[in-house]
Amino acid sequence: MINVCLKCGLYRNDKTVDLDKKIIICPECGHESKYKFLPLFIIFGASGAGKTTICNYLVGQPNDFIVLDMDILWSDRFANPKSINDNFNETWLRVAKNISQSGMPVALFGAGCMPDYINDCIESRYFSKINYTGLVCSDSVLINRLKNRPGWRKSSSGEFIHKQVEYYNHIKLLQGINIIKTDTMDTKEAATKIKCWINSHIMPTY
């Protein structure tokens, strides 16, 4: 576990990072550890934008990156966080940074992981760069997708749909991120675009 110092044994997620020397430094005892600074890729969007479908498509392909659906770790404790350890995005960044030490960058597919949320996380310091792609589609397509989901998804209520459309329209206004419109292409084409985008940014710095 990277947050545990190999010398003093204390847990600190706020270690000092030195990209040039490729090390992380324990703020308690000053111990230096070698670290592979890799890019992180985050693909986000409103519910119904196509995240899970595209993620599942990419999982079965040979990739130079690890693909993970953030929903697999969701639990009720993340809904009302009481501490930094209950923060969903912090948890996923911690998972991603540990996985990246295998030498392969991670691509996370999730809903509430916009740049402002991720960049404010303590764990965000452990990546050479965090790259974002927002998945969007038209209001009508998004609404149709949500209404046609199985009942257990609880996505057909007016309140839920309104929140997702509102979130989707907010994503469209974000600056400096990659945007992919999922209603203008099939799953294979959208997944290929994301794969090409990731591959174009994979530049190991270790």
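Helices (H or I, at least four residues) and strands (E, at least two) are DSSP runs, numbered from the N terminus. The model is predicted: local features need pLDDT of at least 70, side-chain atom pairs count only at pLDDT 80 or more, and totals for chains, interfaces and linings use all residues. Residues are numbered from 1 along each chain as its sequence is written, and side-chain values use heavy atoms, with hydrogens and water left out.

**Exercise 1. Find the place of lysine 22 and describe its backbone.**

Step 1. Lysine 22 sits in the loop that joins β1 and β2.

Step 2. Its phi is near 60 degrees, a positive value in a residue other than glycine. Most residues other than glycine have a negative phi.

Step 3. Relative accessible area sorts residues into buried (under 20%), exposed (over 50%) and partly exposed (in between), using a 1.4 Å probe and protein chains only. Lysine 22 has 30% relative accessibility, so the residue counts as partly exposed.

**Exercise 2. Describe the protein chain as a whole.**

Step 1. The protein chain has 6 helices and 8 strands. From the N terminus on, the order of elements is β-β-β-β-α-β-α-β-α-β-α-α-β-α.

Step 2. The C-alpha atoms fill a box of roughly 55 × 40 × 30 Å along the principal axes.

Step 3. The radius of gyration is taken over C-alpha atoms, and the globule rule is 2.2 Å times the number of residues to the power 0.38. For 206 residues, a compact globule would have a value near 17 Å; the protein chain has 18 Å, which agrees.

Step 4. Of the 206 residues, 43% count as buried.

**Exercise 3. Which residues touch the most other members of the largest nonpolar core?**

Step 1. A nonpolar core is a set of buried Ala, Val, Leu, Ile, Met, Phe, Trp, Tyr and Cys residues joined through side-chain atoms within 4.5 Å.

Step 2. The largest nonpolar core has 30 residues, and those that touch the most other members are Leu40, Ile42, Phe44 and Leu108.

Step 3. Two or more residues of this core come from each of β4 (40-45), α2 (88-100), β6 (106-110), β7 (130-136), α4 (139-147) and α5 (158-172). The largest share, 5 residues, is that of α5.

Step 4. Another core lies apart from this one; its 18 residues include Leu58, Phe109, Ile180 and Ile194.

**Exercise 4. Describe the largest pocket and its lining.**

Step 1. On a 1 Å grid over the protein atoms alone, a pocket is an open set of points where a 1.4 Å probe fits, with protein on both sides within 12 Å along at least five of seven lines; lining residues have an atom within 4 Å of a point. Grid points are joined across faces, edges and corners, and a volume is the space filled by probe spheres set on the points.

Step 2. The largest pocket holds about 1100 Å³ of space. Its lining has 37 residues, and Ser47, Lys51, Asp71, Ala111 and Arg153 are the closest to its centre.

Step 3. The elements giving two or more residues to the lining are α1 (51-59), α2, β6, α5 and α6 (187-201).

Step 4. Ala, Val, Leu, Ile, Met, Phe, Trp, Tyr, Cys and Pro count as nonpolar, Asp, Glu, Lys and Arg as charged, and the others, Gly among them, as polar. The lining then divides into 15 nonpolar, 13 polar and 9 charged residues.

**Exercise 5. Which residues are linked in a network of salt bridges?**

Step 1. A salt bridge is a side-chain nitrogen of Lys or Arg within 4 Å of a carboxyl oxygen of Asp or Glu. The structure holds 5 of them.

Step 2. Arginine 12 meets aspartate 14 at 2.8 Å, N to O. Arginine 12 also bridges to glutamate 28, with the closest N and O atoms 2.5 Å apart. Arginine 12 lies in the segment before β1 (16-18) and glutamate 28 in the loop between β2 (23-25) and β3 (32-34), 16 residues apart.

Step 3. The network therefore consists of Arg12, Asp14 and Glu28.

Step 4. Elsewhere, arginine 94 and glutamate 123 form a salt bridge of 3.6 Å, N to O. Arginine 94 is in helix α2 and glutamate 123 in the loop between α3 (115-119) and β7, so the pair ties together parts 29 residues apart in sequence. Both residues, arginine 94 and glutamate 123, are buried.
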